[in-house]
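Me: I would like to learn how to read charged pairs and a strand arrangement in a model such as this one. Could we take them one after the other?

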Amino acid sequence: MSTQQLPVVVIGAGPVGLAAATHLVERGIESLVLEAGGSAGAAVREWSHVRLFSTWGEVVDPAAEKLLAPTGWTRPDPATYPSGGDWVKRYLQPLADALGDRVRTRATVTGVSRAGRDRIVDAGREQQPFVVHVEHADGREERILARAVIDASGTWTTPSPAGGSGLPALGEKAAADRITHRVPDLKDPAVRARYAGKRTAVIGSGASAFTALAYLAELAESEDGSGTHAVWLLRRGISGSTFGGGTADQLPARGALGLAAKAAVDDGHADAVTGFRTDAIERDGDGRLVLVGEDGRRLDPVDEVIVLTGFRPDLSFMDELRLGLDERLQAPVALAPLIDPNQHSCGTVHPHGHRELSHPEQGVYLVGMKSYGRAPTFLAMTGYEQVRSVVAAIAGDLDSADRVELTLPETGVCGGAGLFDTPDTQQTDGGGCCAAPEPQLVELAAPAAVGTAAEEAPAGGCCGS
């Protein structure tokens, strides 16, 4: 069998992985989607309670819509906002069903290489197919040959730690029973009881942190949530862009989410502590957690900690491939300058496709959230255009592959840890992050319209990764 007769292996049956498989089907190229979870959209199912700040019209891939049409699938109202659960039930699972046996679940990719070639060997390398090692839920191992590999495995399973240095804070692992790296589902009675009436630290400055703050504020105002209070820890300071684009955001729900987080502080449900980089997490005599900053500050004890400091790619199973990754973001070298969160928001990212996503190892592509490495500004529509271009390149249609077109909404949440050591006067204008003033407890004054906007906003805000 020639290499061209082998399937393209897609790692991950999330939104972008399924879109990649759909484009491969449209091109008449055999594909095989390997998903570690028990079902398609496994990661999205874990945040099914969170509402996206992108509309249905922005999270359905056009090629997938064409594949679904003959099955009797009905497209949701493109102007409405799905939750993660809606996205799975009304789009991702039907799409996986339409792809049929091309999607294999409970199949964990443990390694990818060139057949008979480790990363050192040059001779005949590009003529060899890729070999993908898979471990199934029953312990069975399998080796699959592929003509190309599209890694759409995302970053959900590798959240960043609380530690300000990028490493776990001292004591973070020992305190794991009181720490979560997910936005809690406060509609779940057991989860609700965990946070009701408690003091919770929320670490992070992006959409997920906004969501958690809004949820905790709502709990504090409920009958069973009396005494609920949040301590919001930011590694940088608070300025005009801390809460995103507000009413100027071209993704209105994303802007409203930032306003809801601001309202949580203004209404006294959360205290904001700036310039705080967690160095250690200790337990006091009552078993509560005391967060210690790199500057020696010790905060008052908290009962729970929600760490929402972003995600990072798991590159361990790609270690035998020759990847060209930026040393800071762990994104493809040509893509990294376009998505650097110190300079860009979602809307200022230029359209990009197979050329920006290519590596020294020809035929392998990281797409979707994983292609962004540690950058947090990813949108689903970006991933859909990525895989359209990548699949066209695999098919040899370079005219189509190079014709990358994408219009993204401008403004919005400023991501990443930010230039927290840079004076405000040096802040960039292109959606970049803000500098931190001297650490202090911040009281914010909100305009009268903020409360209304927050109340009308959809609850939550995932990028749709």
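Reply: A salt bridge is a side-chain nitrogen of Lys or Arg within 4 Å of a carboxyl oxygen of Asp or Glu, and the structure holds 20 of them. This is a predicted model, in which local features need pLDDT of at least 70 and side-chain atom pairs count only at pLDDT 80 or more, while totals for chains, interfaces and linings use all residues. Residues are numbered from 1 along each chain as its sequence is written, and side-chain values use heavy atoms, with hydrogens and water left out.

Me: Which parts does the salt bridge between Glu 30 and Arg 102 tie together?

Reply: Side chains of opposite charge can pair when their charged atoms come close. Here the closest N and O atoms of Glu 30 and Arg 102 are 3.8 Å apart. Glu 30 lies in the loop between α1 and β2 and Arg 102 in the loop between α5 and β3, so the pair ties together parts 72 residues apart in sequence (helices, H or I, have at least four residues and strands, E, at least two, as DSSP runs numbered from the N terminus).

Me: Is Asp 303, which meets Arg 288 in a salt bridge, buried or exposed?

Reply: Buried means under 20% relative accessible area, exposed over 50%, and partly exposed in between (1.4 Å probe, protein chains only). Asp 303 counts as buried at 16%, whereas Arg 288, at 26%, counts as partly exposed.

Me: What is the strand order in the open sheet of 3 strands?

Reply: Strands of a sheet pair through backbone hydrogen bonds, either parallel or antiparallel. In this sheet the order is β4-β5-β6, with antiparallel pairing (two strands pair if DSSP finds at least two bridges between them).
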